[in-house]
Amino acid sequence: MQLSRLLGTAAQIVRVLPAPATVRDVVSAAAGSRAERVGPGRVHIKVRGLHTAEAVPMARALETVLSGIEAVSAVEANAVLGRLVVTHDPEVAVDELIAEVAAAVEEAERLHGFDRAHFAPAMPGEATLIAREAAWIGTAVAGCGVAVAGRMVRAVPLPPGVPALLALADVTPWIRAGVERGVGAPAADLIFSGGGALTQALAQQPTGLALDAVHRVTRLAEWRAHREAWSRAERGQERATGVHRTDPLERPARPVPLPPGPIEQLLRLSPVSLAASLGALAISRNARQAQGVLVSGVPRAARLGREVFAARFGKAAAGRGVVVCDAGALRRLDRVDAVVIDASALRTGRLMIEEVVPVSDAVVAQECHERAHELVDLARPGRSRRVGEWMVLPFGSWRPRVGRVVRERADDLHRQGTTVLALARGGELLALVSLVPEPHPLGEALVSAAHRTGLVVVAGVGGRADLRLPVDRRVAGGRWLQTSVRRLQEEGYGVALISARGAAALAAADVGVGLVSPGDRPPWGAHLLCGRDLEAAWMIVDAMAVARQVSMRSARIAAVGATAGLMLAAASTAPQAPRRALMAVNAASLCALATGAYAGQAVTRRPSPVPADRTPWHAWPVQAVLDHLDSSLSGIDEAQAAQRRTGDQRAEETPAGLARATLEELDNPLTPPLAAGAGISAVVGSVMDAALIATVLGVNAFMSGAQRIGADRAVRGLVRLSSVPIRLRRPETGAETGAEAGGEVEVTADELVPGDVIALAAGDAVPADCRVLSAEGLEVDESSLTGESQLVAKQARPSVARAVADRRSMLYQGTVVAAGNAVAAVVATGQRTEIGRTARLVLEERRPGGVEMRLMALTRATLPASLAAGAVLMGMDLLAGRTFGQALGSAVSLAVAAVPEGLPFRGDRGGTGHSPPPVPPPRPGAQPVDGRGARPGRCAVLRQDRHADRGATAGAPGLRRDDDAAHQGPVPLAA
């Protein structure tokens with residue numbers, strides 16, 4: 001009672017002080033306020049029992065009563081969140097308004113019998129959560145001070161087994177769940193968190209409290225980021241009405257328990273440490289020794305790694321616009337192994353021309369294709385349009401009689417889910433035009449990321465474009481979507497669902513990702529809300545595989561820490577056993593915390609996915625292409641190019657530094673056991689052995705990282721030295737020289753942007769994806785793209801081919817002009833080209849190479865053999881009468897010596913670690929090339945200069961460019 005009065009007084013004081021709104025809300029929440037200010041002119045009011053089905057009449061009554069308040073403009077009951085969303089005049093006194101609304105809500109709760117009901121679960125970023133985390137941070141810091149002070153005054157500490165028992169109960173799933181069912185989740189958190197802090201302080205264990213404080217700080221940062229994301233979302237919908245009004249959702253229990261992940265499998269073994277402690281007590285008759293065994297069995301590191309990863313990733317995701325409704329979903333990412341994607345999410349909602357099928361010989365197919373793109377209104381496909389003698393209309397509206405073959409072809413297109421139009425001239429049917437839903441530009445990238453997680457499932461009826469995506473299974477969608485999700489869960493999958501509809505299905509999924517369009521009502525029931533552009537959804541799916549890796553690594557670190565603690569407890573004297581075991585457990589927790597935080601930040605630093613360009617450049621006439629690019633035959637001016645270069649081109653990924661590369665080299669399965677061996681050796685007295693192990697690990701990682709950085713630098717330098725000039729048209733240059741088509745300047749490939757017009761001649765490499773504007777005897781070698789060795793003739797006339805290899809009006813990056821010359825407009829550069837996008841997808845799905853797989857297999861065989869050898873030696877020493885500490889030291893030395901420390905540093909580190917950018921071919925010249933794409937005569941050669949100053953050539957020491965060197969045969973490889 002006194003605490004409530006004190007908090008209430010503090011809230012009143014803060015209201016009149018010039019404090020930030022967040023501080024006022026946090027203090028008010030701590031004092032028991034049910035109001036949440038989420039933006040100017042909008043307040044959320046928590047209502048007891050509103051999330052239950054029985055509260056619908058109360059919700060309607062509250063909407064009616066509160067709408068009568070003068071300053072209130074709208075009231076919406078969001079039963080899923082358990083809140084009333086009140087929109088009011090921003091100029092009114094908010095505190096008085098909140099007090100009036102709260103009084104009306106309390107009265108309604110009393111009248112409808114909900115005055116003793118529970119609130120809905122707290123939302124991430126809620127002021128109560130922020131206040132709670134801040135209080136726990138203060139508790140942990142204060143506990144650290146108490147523990148240190150107790151050591152300084154030599155106070156009698158609490159037995160270390162007490163906090164260990166409480167920690168074991170906290171991490172044991174069935175114990176924690178039982179306590180939460182009995183007293184509720186908030187009270188359970190108070191028991192375990194508060195009791196853990198108190199017992200650790202009295203046991204004089206400041207290190208564990210410091211780790212808890214760091215963990216709580218990451219969660220506090222996450223909650224604040226979620227709160228800001230909610231505020232931004234509310235501000236974006238301040239003019240929309242009805243987006244919050246929703247009825248309660250039925251949340252039936254999961255048909256089978258969620259399959260355990262790596263951490264859950266380890267936590268199930270937690271009670272084993274208690275049994276081992278009792279066994280040690282029975283054998284040694286020493287309570288201190290038994291407590292050391294108990295302390296070593298606390299798998300705190302396992303959960304800590306996942307928690308910190310989820311907190312860091314959640315904070316970054318909130319910064320990218322992801323609104324988190326259930327933070328627990330971020331903690332379940334590692335247990336998802338099936339991703340269900342609603343078919344509607346893989347489409348943009350627009351239509352596109354899929355195919356033009358000629359049904360008459362009166363006109364060529366190319367002209368039909370041109371006329372179809374000219375006449376069809378994709379926004380209103382049912383509308384008839386006429387230009388001159390040509391017209392297009394729905395096939396069902398075509399009155400003249402058609403042949404049986406044409407009718408069957410139209411019916412076949414209808415069955416494939418397309419919209420069929422008739423293209424006619426002068427009353428004669430010439431072609432059928434099929435329209436399909438336009439695939440989402442990031443659909444391929446989303447499916448590719450889902451494949452790295454596990455099973456990929458598409459729900460619902462998809463168009464022909466959807467059928468081309470490489471999915472594993474198709475299930476029913478729409479009103480059967482929830483049933484499809486439940487069936488997958490019954491099969492033993494952890495299911496993530498991505499959809500813009502089906503709130504019940506999203507709530508039933510283990511991770512529900514709801515897609516929201518601006519101004520539309522979100523699919524309340526989803527755990528995570530993000531935009532329809534799929535970029536944030538891709539980031540979430542991409543993080544699932546990383547989350548599983550983090551969990552596996554954290555579980556492995558916890559197991560190594562427990563093993564090391566057990567060995568140290570057994571090898572130490574009774575008074576020192578708990579302290580040394582706790583040292584190993586805390587070291588493992590620190591490693592798991594650091595790796596989880598690094599992984600959570602690294603996953604958000606990955607480059608964004610590359611959208612697929614669905615623009616039919618190949619099928620459009622030349623002028624339509626130039627109009628769409630806002631360009632001309634003379635190209636674009638330098639100011640336009642600079643603007644497009646800033647907006648469209650992505651910055652290069654920052655090369656890894658030496659420290660980062662060294663740390664990445666240490667991320668391998670052998671580092672934890674070797675580090676544990678070094679720690680055990682140091683504790684039992686073999687400091688020299690520990691120093692040698694640490695030195696070998698560090699030197700190997702440093703040398704491998706340095707080699708990797710050097711190789712990356714050499715490749716980048718090679719690319720710079722081999723870059724060739726490209727003839728680019730600029731209108732301002734043409735104005736100076738009087739050329740109508742624009743003058744030419746020389747630039748490099750990385751300076752090109754869509755809309756640039758370039759000139760190509762025989763021997764030139766195509767630097768980007770281009771649409772041919774004009775051509776004279778143009779033949780191209782496309783073997784690098786299609787694998788075909790025959791030269792391909794190109795032309796400016798639109799192409800109707802659907803396959804990339806058959807599009808005669810397009811030039812693609814990486815191909816080589818074999819004969820003739822051309823003028824072409826750039827339509828895609830860098831990773832947005834066909835070859836760049838394909839290389840990106842291949843890189844994301846990179847599988848280990850042959851050497852790497854052999855090294856991994858050798859590691860898997862070596863590590864158990866090394867541990868077995870150490871165990872055998874330890875047993876022999878114990879039988880010979882040596883002490884446990886002496887036997888342990890010898891066993892660790894043998895086990896570590898038997899492990900080849902250089903194995904973890906993979907054989908592919910001599911490369912760049914990623915696919916280097918394509919290296920352009922030699923400098924363009926006027927001489928023709930033969931059918932193989934080879935050109936005799938002069939070329940540019942990169943030579944190794946043994947006499948050059950290595951520091952003089954930036955990025956590529958020892959390389960010298962020899963332009964136009966005479967050479968008649970193949971360039972010999974240097975020995």
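Buried residues are those under 20% relative accessible area, exposed ones lie over 50%, and partly exposed ones fall in between (1.4 Å probe, protein chains only). The views show a predicted model, in which local features need pLDDT of at least 70, side-chain atom pairs count only at pLDDT 80 or more, and totals for chains, interfaces and linings use all residues. Residues are numbered from 1 along each chain as its sequence is written, and side-chain values use heavy atoms, with hydrogens and water left out.

**View A. Proline 163 in helix α6.** Proline 163 counts as buried, at 7% relative accessibility. This residue is found in α6 (residues 161-171); helices (H or I, at least four residues) and strands (E, at least two) are DSSP runs numbered from the N terminus. Leaving aside neighbours within four places in sequence, proline 163 is in contact (heavy atoms within 4.5 Å) with Leu158, Thr199, Gln200, Ala203 and Gln205. The C-alpha atoms of proline 163 and alanine 203 are separated by 7.6 Å, although the two residues are 40 residues apart along the chain.

**View B. The four-stranded open sheet and its helices.** The strand order is β1-β2-β4-β3, with antiparallel pairing; two strands pair if DSSP finds at least two bridges between them. β1 (35-39) and β3 (72-78) stand at the edges with a single partner strand each, so one side of each lacks a neighbour in the sheet. From one strand to the next, the twist averages 25 degrees; axes are lines fitted to C-alpha atoms, for helices over the stretch in contact, and angles run from 0 to 180 degrees between N-to-C directions. β1 pairs with β2 (residues 42-46) in the antiparallel sense over four bridges, and valine 43 in β2 is the bridge partner of arginine 37. Helix α3 (residues 56-67) packs on the sheet, touching β3 and β4 (83-88), and its direction makes about 170 degrees with that of β3. Helix α4 (residues 94-111) also packs on the sheet, touching β1, β2, β3 and β4, and its direction makes about 30 degrees with that of β2.

**View C. Helix α13 and the glycine that follows.** Of the 20 residues of α13, 16 are buried, so the helix is largely enclosed by the rest of the structure. Just after α13, glycine 321 takes a positive phi of about 95 degrees.

**View D. Two buried cysteines.** Cysteine 530 is buried, with a relative accessible area of 4%. Cysteine 770 is also buried, with a value of 0%. With a disulfide defined as a pair of cysteine sulfur atoms within 2.5 Å, the count comes to zero.
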